[in-house]
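Student: I'd love to take a close look at one part of this model with you. Could you walk me through it slowly, and then show me what lies elsewhere?

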Amino acid sequence: SALNLPMASFRVSTPIINTLNFRARPVVVTRTSWKAPIMWEGMFDPNHYDQMYIKNQTSVAVTVFAVGRYLDAYLKTFLTSAEKHLMLGLQVTYYVFTDLPENVTNIKLAPNRNLKVIKVEKHGRWQDISMMRMKTISDAIESEIRHHCRYVFCFDVDQEFKGRFGSEALGDSVALLHAWFYKLPNNTFTYDRNPKSKAFMQAGDYYYHAAIFGGLSENVKNLTDYCYSSIMEDKLNNVEALWHDESHLNKYFWLHKPSRLLSPEYCWDPHIINNSDIKVTRLIWAPKNYKALRMR
Ligand code: 2GW
Ligand code: MN
């Protein structure tokens, strides 16, 4: 039976299932010019994806950083809500990176799910806490994740799962459309516009949100290596990209097109109300207390 497959069975290639209905959502864009699907509710049958990925015992690493005040503020909600909605039935390993490992509270995980806590240093500047995630993720993929997990998905911690965030989100290289920009024209995108930065871009396809990215382990390794080396090159040149790691991520996905895009249903800003494109909120931005979290 499927349960007796040998350890390396997750390496067998998964069949391409063509169950996407690109016409199910006539009001929104469901495919990119390079033919990558943009995943909107209604386009897919969740059971098709689950049957295939659960049968293959597909393994997914979920990385999340909870450094300093973000640990108490967000981690528990992120993890407990993920246990209700994120890739249920798959082999999920959470990689929690924190400077305060002893403060990570135990939460009850389903049997096919694990959590590993990895200690990291706390960078002084918040911009570095955010940007240096790229280096830490790359190192963790190299030393550990690639041996255990076929896919890696990287999440901001300041968010809460509210609905199915399932295996339909898996793909070779996955990017997320930013909730604020998905309907706006290209010239409003907040790409880095400083020619001195490695993240500089004049044109692009979409504005991607760095709160979620993922894909096959080897592809996420490439992405994080690219972003980290660009960040370090900027440091040598005394420049910093406008939106830090997110600017470099946008440059990466301009040069290396993602194979699958997630609609903003996968990461919605609940301050935006009455948007009929959003049929389901799968994940929402958690409220931010800028005073408490950033200023002090
Ligand atoms: C970040 C900013 C200000 C003060 C603190 C922090 C902070 C972030 C922190 O003290 N501890 C910590 O663990 N972080 C991690 O970095 C945490 O996982 C958090 O979700 C992530 C990104 O920071 P966040 O969520 O405050 O930034 P956002 O929501 O404005 O994120 C977008 O822009 C960022 C770059 O400025 C990143 O690209 C991020 O991926 C984007 O969603
Ligand atoms: Mn965030």
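Which backbone nitrogen does the side chain of E265 reach? Please start there and then widen the view.

Tutor: Happy to! Keep in mind that this is a predicted model. The side chain of E265 reaches the backbone nitrogen of E41, at 2.7 Å. A second partner is R25, whose side chain is joined to that of E265 by a polar contact of 3.1 Å. E265 itself belongs to the loop between β9 (260-262) and β10 (283-285). Although E265 sits in a loop, its relative accessible area is 0%, so it counts as buried, the cut-off being under 20%. If you set aside the neighbours within four places in sequence, the contacts of E265 include R25, M39, W40 and E41. The list also takes in the run D277, I278, K279, V280, T281, R282 and L283.

From that loop, let's turn to H209, which is found in strand β8. With a relative accessible area of 9%, H209 is buried too. Beyond its neighbours within four places in sequence, H209 touches L176, H178, E246, L249, C267 and W285. Two of these, E246 and L249, are among the buried residues of helix α6.

That makes α6 a natural next stop. Of its 11 residues, 9 are buried, so α6 is largely enclosed by the rest of the structure. The buried ones are D245, E246, S247, H248, L249, N250, K251, Y252 and F253. They pack against α3, α4, β7 (173-177), β8 and α5.

Helix α5 returns the favour, since its own buried residues pack against α6 (245-255), along with α3 (126-131), α4 (133-148), β5 (151-155) and β8 (208-216). The buried positions of α5 are S217, V220, K221, L223, T224, Y226, C227, S230, I231 and D234. You can also check the length of this helix: α5 has 20 residues (217-236), and at 1.5 Å a residue these should span 28 Å, which agrees with the 29 Å between its end C-alpha atoms. Just after α5, N238 takes a positive phi of about 60°.

Strand β8 and helix α6 also bring us to ligand 1. Around ligand 1 there are 21 residues, and the closest are F65, V67, Y70, D156 and K288. By class, this shell has 11 nonpolar, 3 polar and 7 charged residues. Oxygen atoms of ligand 1 take part in several short approaches. An N or O atom in the side chain of Y70 is 2.5 Å from a ligand oxygen. For F65, a backbone N or O atom lies 2.6 Å from an oxygen atom of the ligand. A backbone N or O atom of A210 lies 3.3 Å from an oxygen atom of ligand 1. Taken alone, ligand 1 exposes 730 Å², and the protein buries 93% of that. The elements giving two or more residues to the shell are α3, β8, α6 and α7 (290-295).

For contrast, finish at K84 in helix α2 (residues 69-85). K84 has a relative accessible area of 59% and is exposed, whereas E265, where we began, is buried. The C-alpha atoms of K84 and L170 are separated by 18 Å, and the two residues are 86 residues apart along the chain.

How values were computed. Residues numbered from 1 in each chain as written. Chains lettered and ligands numbered in written order. Predicted model: local features only at pLDDT ≥ 70, side-chain atom pairs only at ≥ 80, totals over all residues. Heavy atoms only, no water. Helix = DSSP H or I, 4+ residues; strand = E, 2+ residues; numbered from the N terminus. Expected span 1.5 Å × (residues − 1). Buried < 20%, exposed > 50% of the residue type's maximum accessible area, 1.4 Å probe, protein only. Contact = heavy atoms within 4.5 Å. Near = heavy atom within 4 Å. Polar contact = N/O pair within 3.5 Å; in protein donor to acceptor, adjacent residues only side chain to side chain. Areas by Shrake-Rupley, 256 points an atom, 1.4 Å probe, with all protein chains shown as cover. Nonpolar A, V, L, I, M, F, W, Y, C, P; charged D, E, K, R; others polar.
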